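Please open the model in a viewer and keep the selection panel at hand. The tour proceeds by successive selections, with a short account of what each one shows.

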Amino acid sequence: MTDAGRVVLATGDDPLVLEHGGHLDHVEVAYETWGELAPARDNVVFVCHALTGDAHAGGEGGWWANLVGPGRPLDTDRFHVVCANLLGGCRGTTGPSSPDPATGRPWGLDFPLLTVRDLVAVHRRLLTHLGVERLHAAIGGSLGGMQVLQWAVDDPAAIDRAVLVAASSRLSAQGIAFSAVARDAIMRDPDFQGGRYVGSGRRPDHGLAVARRMAHITYVSEGSLEAKFGRDRIADGPPTHATDFQVEAYLDHQAEVFLARFDALSYLYLTRVMDYFDPFSDAGAAARAGSGGTDFLVVSFDTDWRFPTAQSRRIHDHLAAAGARSRHVEIASPWGHDSFLLEPPGYHDVVRQHLVRHPG
Ligand SMILES: CC(=O)SCCNC(=O)CCNC(=O)[C@H](O)C(C)(C)COP(=O)(O)OP(=O)(O)OC[C@H]1O[C@@H](n2cnc3c(N)ncnc32)[C@H](O)[C@@H]1OP(=O)(O)O
Ligand SMILES: N[C@@H](CCO)C(=O)O
């Protein structure tokens, strides 16, 4: 059974208090579910999406349809899978382009800055709304893995099995630098209009496209770009400043499809969420994450240079040193960071096995 819905999870009477201060009096969340909820409500697998994902993880066109479905590692004949669009997103959940209840106008840059803890607080409210106390598992890739880690820190008794794929507990200087250039491209686009572009008939598409082109290069590997495109050109002819190489046409295409599904303000807010994430700066965080008996699987890909294996090993090392149950597996993949969306050999097997492991 597949279900999709939208639910209000914060109101003026029950606001969402944010980690950096301030609160949101209205939070609406878009979510989808697949598979039957067991009568004991003990078969829920929560999927946390990455930077630009949405609630549509499974089913036709789902961004994780290779992982979610009957007989898949997140087996919907067995599990009740839930995925929600993030707070700050632009795919049905409240974000910076949503109306500010105080003015009726889109929030723009008046939307408060968020943290991973805030994103998780909304997931936790959704679970309460669904009448679920404990997750069979929580799984996420990239920013999704960060949410799973924060969730275990904030509510250690809530998750039996945690799967963090291609994630990081702390962006490197290089990672923050990539985010900075992407945000600059957006904010310096004249159509950004100080963040007041919603409803103006102009959007900072140029800036957002530059941001996505650059980010996409970091999500794939040098080898995969070489293998797909090499130095192939679209047509023979004299040199030009226009798109000429196949790899340029590929980036143009990636940017074009991205503009059709994503919003520049959400990009600014969610990249900033990632920059500041650093849960182990709190010396007690790893011990708390392990204190509820959560069984962690940390997966990385050998060609991921955006969130390299060393960053996953750091997560595992912190957890293991604090006595948490944790395993780290590095998967060989030719495809870089976005391997978490694909099926390199061995990856789905370790996830499948972890989801049926006995806790304790
Ligand atoms: C994580 C979440 O929570 S979901 C996030 C949202 N989703 C994403 O971020 C995914 C974006 N990333 C991608 O699509 C990535 O490219 C991957 C790595 C996942 C897909 O990998 P692959 O299957 O190897 O696809 P590839 O990277 O080659 O891209 C194929 C696309 O490029 C297009 N393309 C390929 N070569 C060219 C070319 N020379 N010129 C123009 N376009 C090209 C294809 O037509 C295809 O388009 P389509 O996706 O619109 O059908
Ligand atoms: N390609 C993914 C990965 C980000 O880490 C996304 O856009 O969400």
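**First selection: ligand 1**

Select ligand 1 and its surroundings in this predicted model. The shell consists of 17 residues, and the closest of them are H49, A50, G53, A249 and H253. By class, this shell holds 9 nonpolar, 6 polar and 2 charged residues.

Which helix supplies the largest share of the shell around ligand 1? Colour helix 6, residues 246–259, to see the answer: 5 residues of the shell come from this helix. The shell also draws on both domains, with at least three residues from domain 1 and at least three from domain 2.

**Second selection: ligand 2**

Move next to ligand 2. Around this ligand stand A50, L51, T52, G53, S142, Y219 and D338. They divide into 3 nonpolar, 3 polar and 1 charged. A50 and G53 deserve a label here, since both are listed around ligand 2 and are also among the closest residues to ligand 1.

**Third selection: the two domains**

Colour the protein chain by domain. Domain 1 comprises residues 2–172 together with 278–355, while domain 2 covers 174–273. Their centres, taken over C-alpha atoms, are separated by 25 Å. Now select the contact between them: domain 1 contributes 28 residues and domain 2 contributes 23 residues. What is the make-up of the side of domain 1 that touches domain 2? That side comprises 15 nonpolar, 11 polar and 2 charged residues.

**Fourth selection: the open sheet**

Hide the side chains and display the strands. An open sheet of 8 strands runs in the order 1-4-8-5-9-10-11-12, and its pairing is mixed. Its edges are strand 1 (2–10) and strand 12 (325–331), each of which pairs on one side only. On average, neighbouring strands of this sheet are turned by 20 degrees against each other, direction ignored.

Within the sheet, select strand 4 (residues 27–34) and strand 8 (residues 80–84). In which sense do these two strands pair? The pairing of strand 4 and strand 8 is antiparallel and extends over 4 bridges. To inspect one particular bridge, pick E32, whose partner in strand 8 is C83.

**Last selection: helix 1 on the sheet**

Finally, add helix 1, residues 116–130, which packs on the sheet. Helix 1 touches strand 1, strand 4, strand 5 (44–48) and strand 8. To check the orientation, compare the directions of helix 1 and strand 1, which make an angle of about 115 degrees.

Key. Residues numbered from 1 in each chain as written. Chains lettered and ligands numbered in written order. Predicted model: local features only at pLDDT ≥ 70, side-chain atom pairs only at ≥ 80, totals over all residues. Near = placed C-beta within 6 Å. Nonpolar A, V, L, I, M, F, W, Y, C, P; charged D, E, K, R; others polar. Domains from an automatic or database assignment. Pairing = 2+ DSSP bridges. Axes fitted to C-alpha atoms, helices over the stretch in contact; angles between N-to-C directions. Contact = placed C-beta atoms within 7 Å.
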